[in-house]
Amino acid sequence: MHYRTTSIWNLIGCLAVLAGTSWAAYERPAYVLPCRRSDPEINKCIKNSFNYIRPYIAGGLAELKTPPLEPLRIDQLAMENNAGAVRIKALFTDIVALGAGNYTIKDVRSDVKKLRIDLSLGIPRVETRGKYEVIGNVLLLPVRSNGEFWTEFSDISAIAKIYGKPLERDGETFMSVEKMLVDFTMKNARFKVKDNVNTQNVLGEAINQFLNQNANELIQEMRPAASQSIAKLFRRFLNDAFSNIPMRLWLLEN
């Protein structure tokens, strides 16, 4: 009887230690500015929190498993557009983007009970380079091309809608980003491609001239497909971050 009682107490003690270890394993990092659920200005608080963490995530946060934003390296990004004058399938690989980490959150609308956060943000300039493969039709003309690309986008305004839900793990509650929607506009865009298929200089110059003369129209046509691909990319990014920091550390109870 004494042995059985001792065993029970030993088991309870082990469980208590494990529970304590799980709770203590997560501490609030210096780069997290917590917000309180009852704060009447919680939207302002969330905006400040996202802006405050910007210089930290620019170099990547190993403990949150988030890659650097400066530069942002993307293995591949696929887009497909089947409507309008630009009907293409595009695959971009080995992408290096500069400027994404220089964002500013301008406005926030949230419903913390539903874990809904809408962000309005601006980015002054983003420059990207990498490789591409494109097949399809532009203005009824068949297009097949692959090679290297360079782009510059400036004065970018974007809306990101985050749909989260609680996720229980290891005795903690985390936020899982179930869905993310993105839309964007920009004032200026410039393109340059080095086409490996159409290698003649005159044709290559004509392609670059066409891209830059019709940049706004091309961006408008490809915006839905680009928005979907960007949302998918940053949903993974946010899930890496939120799945490694319990909600109690950034969203305080009343």
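Is Asn-51 buried or exposed? That's where I'd like to start today. Asn-51 comes out at 18% relative accessibility, and because the cut-off for buried is under 20%, Asn-51 counts as buried. Keep in mind that what you see above is a predicted model, so everything I say is computed from that model.

Where does Asn-51 sit? Asn-51 belongs to helix H2, which covers residues 42-52. Asn-51 has company there: the buried residues of H2 are Ile-42, Cys-45, Ile-46, Ser-49, Phe-50 and Asn-51. And what do the buried residues of H2 pack against? You get strand E1 (35-36), helix H3 (54-58), strand E4 (104-111), strand E5 (116-138) and strand E8 (251-252).

Now for the contacts of Asn-51 itself. Leaving out neighbours within four places in sequence, Asn-51 is in contact with Tyr-103, Thr-104 and Ile-105.

Let's follow Tyr-103. Tyr-103 lies in the loop between strand E3 (86-98) and E4. Its relative accessible area is 8%, so Tyr-103 is buried too. Tyr-103 and Asn-51 are 52 residues apart along the chain, yet their C-alpha atoms are separated by 8.0 Å. Again not counting residues up to four places away, Tyr-103 touches Phe-50, Asn-51, Ile-53, Arg-54, Ile-57, Leu-69, Leu-121, Gly-122 and Ile-123.

Okay, stepping back to the core. The largest nonpolar core has 70 residues. Which of them have the most contacts inside it? Those are Ile-46, Tyr-103, Leu-119, Leu-121, Ile-162, Met-175 and Trp-250. The largest share of this core, twelve residues, is supplied by helix H5, residues 215-242.

Pick Ile-162 from that list and look around. Setting aside neighbours within four places in sequence, Ile-162 contacts Leu-115, Arg-116, Ile-117, Asp-118, Leu-119, Met-175, Val-177, Lys-179, Met-180 and Leu-238.

Next, empty space. Rolling a probe the size of a water molecule over the atoms shows where space is left unfilled. How many cavities of 30 Å³ or more does a search of the whole structure find? One. The volume of the largest cavity is about 40 Å³. Its lining is Ile-46, Asp-111, Val-112, Leu-115, Arg-116, Ile-117, Trp-250 and Leu-251. By type, that lining has six nonpolar residues, no polar ones and two charged. You'll recognise Ile-46 and Trp-250 from the core list.

There are pockets as well. The second largest pocket holds about 200 Å³ of space. Strand E2 (72-81) and H5 are the elements giving two or more residues to its lining. The full lining is Pro-67, Leu-72, Arg-73, Ile-74, Asp-75, Gln-76, Leu-233, Phe-234, Arg-236, Phe-237 and Asp-240. That lining splits into six nonpolar, one polar and four charged.

Last, the whole chain. The protein chain has six helices and eight strands. From the N terminus on, the order is α-β-α-α-β-β-β-β-β-β-α-α-α-β. Of its 254 residues, 41% count as buried. Among contacts with a separation of 6 or more, 67% are between residues 24 or more positions apart. As for the outside, the chain exposes about 15,400 Å², with carbon and sulfur atoms supplying 56% of it.

So that's the tour. If you open the model afterwards, try going from Asn-51 to Tyr-103, which it contacts, and then on to Leu-121, which Tyr-103 touches.

Methods:
Residues numbered from 1 in each chain as written. Predicted model: local features only at pLDDT ≥ 70, side-chain atom pairs only at ≥ 80, totals over all residues. Heavy atoms only, no water. 1 Å grid on protein atoms, 1.4 Å probe; cavity = no way out; pocket = protein on both sides within 12 Å on 5 of 7 lines; lining within 4 Å. Points joined across faces, edges and corners; volume = space filled by probe spheres on them. Nonpolar A, V, L, I, M, F, W, Y, C, P; charged D, E, K, R; others polar. Helix = DSSP H or I, 4+ residues; strand = E, 2+ residues; numbered from the N terminus. Buried < 20%, exposed > 50% of the residue type's maximum accessible area, 1.4 Å probe, protein only. Contact = heavy atoms within 4.5 Å. Areas by Shrake-Rupley, 256 points an atom, 1.4 Å probe, with all protein chains shown as cover. Core = buried A, V, L, I, M, F, W, Y, C linked by side-chain atoms within 4.5 Å.
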